[in-house]
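Dear colleague,

Please find below the structure that I am handing over to you, together with its sequence. My account of what was found in it follows directly afterwards.

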Amino acid sequence: MTEAKINWLSRWWRSQSPTRQDRFALIAPLAAVAVFLMAIVAAFGYLRLEEMSREQQAVQRDVEYAQQRLRLRLLERQEQLMRLAADISNNQIDSEDFITQAESLVRQFPELQSVVWIDARKRIRVSYTSPSMPGLYVRLAGDAPRYPETETVFNLVRDVRQPMYSVPFSVPTGMGTETMPVLQVQVPLADGARFAGVVMGEYQIDGLMRYGVPAEVAAKYAVALVDGKNRVLSGNTSPKRNAAVRLLPWVQHDTEYEVPVSPIGSSLVLRAEAYRTSLGVIGSALFWLVLFLSGMTAFLLVSAWRHTRRRIRTQAALLQETGFRRAMENSMLTGMRALDLQGRITYVNPAFCQMTGWSEAELVGLTAPFPYWPEDDRELLAARLEDELAGRTTSGGFQVRVKHRDGSIFDARMYVSPLVDGKGVQSGWMTSMTDITEPNRVRRQLSESYERFTTVLEGLDASVSVAPLGGDELLFANKMYRLWFGGKASEHLSLVAQAGQIDSGIVQPEFKDSGQGDSVDSLAGLPTEELTTARSENAEIFIPDLNKWLEVRSRYLNWTDGRLAQMVIATDITPRRVAEDLAAQQAEKAQSASRLITMGEMASSVAHELNQPLTAISNYCNGMVSRIQAKQISEEEMLAALEKTARQAQRAGQIIQRIRSFVKRSAPNRTESEVSQLVSEALELADIELRRRNVRLTHYLAARLPKLMVDPILIEQVLVNLLKNAAESIDNANRPSSRRSVELRAVPKQMEGMGEAVEFTVTDTGQGLAPEVMQRLFEAFFSTKAEGMGIGLNLCRSIVESHQGRMHAENLYNGNEVTGCRFSFWLPCQPVAFDGGRTGGFAALQT
């Protein structure tokens, strides 16, 4: 492309650029449509607000009507309770008559769940509760009011001598953690001028909602009763929306109204929210037609604008692409030459001119022989040009020598392809020329490097061999391989077979001669990238013929001819294997001695761990003998005692199995266990010892504790040991009966480095631990008891740590006085894989 053509394209592009008037002509209609849409939206918003106002007024009327109905119903119940109170004050009815009238009121008005007569001393005289209520609500004569709200209203009624309502409050239903909102009204009783108590009526908020709100109001609105803190007591409500969102035609707006329920006051509010029943003005077909046509007009204008902008950008991109191609052509290092069908040069690029030293003006129009042909190669180059013009060219190109204008000669490779015009007709030939002088020099250096590398391989003290997969030939074998195996290809395959390093995913077909002069690679076409990039495989084998241990390493590689081959490197490791055998013998002797020492430690562990279940068995048996002799035991009690004895015997057998598994190096029996079950089993075992020592045992379990993946026998043993030690500490401290208590707690806790865990704590009121004892508390065979073996706490900590947990002990103080001791341990809810452990006690079972 000439400079004049580029300038003409630039002027044409500028002439095609849109003017300011053109832009205005495009933007003005779009702005008019936007203003029109804004007017439509504003009008619709106004109509929408009017519709919302009408709906709000309707809601207000209906809510006030429902509030009046609730008010009348409450006043009627209040008046009936006042008449009942007047009869009591005039001594016209007794307790039986009160129950009869209260039953009549409760049965007639379902929202009234109970009627109670409370005297001046705040004691219940008589009460009647609806039969539909659970037994939790039955109030007995002589009981005091259960809830502080009742007592508060009672005091107010006593002061003002007028009927008073309580604030709504929740009471338990007796079904788990569920509660029920209630409302109380109290009417005063008088004995002359003296205050004589109250008559209390208790309403269900749900009953007031169900029987007090008219059905037609409940059908039209989402009605709810809320307290003074805006908490929903009964009914339903919907979440509030943003004010701007409620104006949208497809969004149901929140039309609501609330009013306090008289005579209760602001502590009980009736709230109602209207359901969306119609679309109002948005159902107008004209509105949607105008909106659709306006949108289509705006879309067409924007589409035309975008098309114009896209055309301008395309023109600019064409000009930029032309300049880019010109710059790329001028900057490329490959020489380009075009010939017509008669062999005349029609085009050369700057790189070709730079290679030959001749300018474009000097070369264009010339025919053979060309000035850049060396004199010695002109006949060869003329034959090459004749083949090129006749179309007899190779796709891989051909190598020639080219003479520079200054007389220097360089090597080049030429590639020829047909030159086709825009109509698909061949108009000549395009030749690309690359200077390969430097690659030829590198190739010679690589050849020399290969010779040096081969010399190094020949000098290695390890054998190196390469053979193709599926073939029976050696592609390479160094000096050591030839010395050990005589250069046979079968020995290479034997090394691979003995090392077990034939890849299972590679089929190695038997090599067959096709009977022709060349052979075909039977593995051609198979993917080899994953094999050649994989790590080398190692194996150690013994060669009887050589009386040597060899380390065989192999990997797959692509040979120079493209075939998939396997390289095997065999290194003599006989001295290292001899040293390893000696080290293994020494390690086996050390392990044997270690097992003998461990068996000695296990003897004391068996005695200590079996003491508790055997003691429990003895206690059960002695108890049964005593009760049988006194003839104070039934068949069911004896059967229960025998089952507990059998469980303790089974527990002793399980403990022996755990100790025995230590010698076998087997894993403990971990299962998903409930914390409540673990604590229950431990309390059952420890309760005998604590009752014998006159120690009171209390326990607390948090709700919804997660399950633990633990060995339940081991964790129960930890809890039993800690509870037994706590009882002994209290007994040794000679605490009085009021201070002889042990507390067991299990709560969830977030531990650093452990995550979510369960914390077990055993707290006693004993004499605590001395500082010197605290330092050696968890040492094996250390004990402060004369008959103790000193492995209990050490064993407990080993069990906890084998479950990836932690244990801690601390004294409890009241000022400077020690008032007890607390043992705590934590078990993770999600235990990690065991990564080692302590060598003593039950932790060794984890190995």
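In what follows, two residues are said to be in contact when they have heavy atoms within 4.5 Å of each other. Please bear in mind that the model is a predicted one.

By that criterion, and leaving aside neighbours within four places in sequence, Thr356 is in contact with Leu363, Tyr372, Val402, Lys403, His404, Arg405 and Met433. Thr356 belongs to helix α9, which covers residues 350-356. Is this threonine, Thr356, buried or exposed? Thr356 is buried, because its relative accessible area is 0%, and the cut-off for burial is under 20%. A polar atom of the Thr356 side chain also lies 3.5 Å from the backbone nitrogen of Trp358.

Two of those contact partners of Thr356, Tyr372 and Val402, reappear in the lining of the largest cavity. A search of the whole structure finds 4 cavities of 30 Å³ or more, and the largest has a volume of about 100 Å³. Its lining consists of Arg337, Tyr372, Trp373, Leu381, Arg384, Leu385, Glu388, Phe398, Val400, Arg401, Val402 and Met414. Two elements, α11 (378-389) and β13 (398-403), give two or more residues to this lining.

I turn next to the nonpolar cores. Which residues touch the most other members of the largest core? They are Phe760 and Phe825, in a core of 45 residues. At least two residues of this core come from each of α18 (675-692), β23 (708-710), α19 (712-732), β24 (741-751), β25 (755-764), α21 (792-802), β26 (806-814) and β27 (817-828). The largest share, 10 residues, is supplied by α19. Again leaving aside neighbours within four places in sequence, Phe825 is in contact with Val718, Leu719, Leu722, Val758, Glu759, Phe760, Val800, Arg806 and Met807. Another core lies apart from this one; it has 43 residues, including Leu81, Ala85, Phe109 and Val199.

Finally, helix α14 spans residues 489-499, and Ala489, His492, Leu495, Val496 and Ala499 are buried in it. Viewed down the axis of α14, these buried residues fall within an arc of 120 degrees, and therefore line one face of the helix. Gly500, just after α14, takes a positive phi of about 65 degrees.

Yours sincerely

Note on methods
Residues numbered from 1 in each chain as written. Predicted model: local features only at pLDDT ≥ 70, side-chain atom pairs only at ≥ 80, totals over all residues. Heavy atoms only, no water. Core = buried A, V, L, I, M, F, W, Y, C linked by side-chain atoms within 4.5 Å. Buried < 20%, exposed > 50% of the residue type's maximum accessible area, 1.4 Å probe, protein only. Helix = DSSP H or I, 4+ residues; strand = E, 2+ residues; numbered from the N terminus. Arc of directions from axis to C-beta. Polar contact = N/O pair within 3.5 Å; in protein donor to acceptor, adjacent residues only side chain to side chain. 1 Å grid on protein atoms, 1.4 Å probe; cavity = no way out; pocket = protein on both sides within 12 Å on 5 of 7 lines; lining within 4 Å. Points joined across faces, edges and corners; volume = space filled by probe spheres on them.
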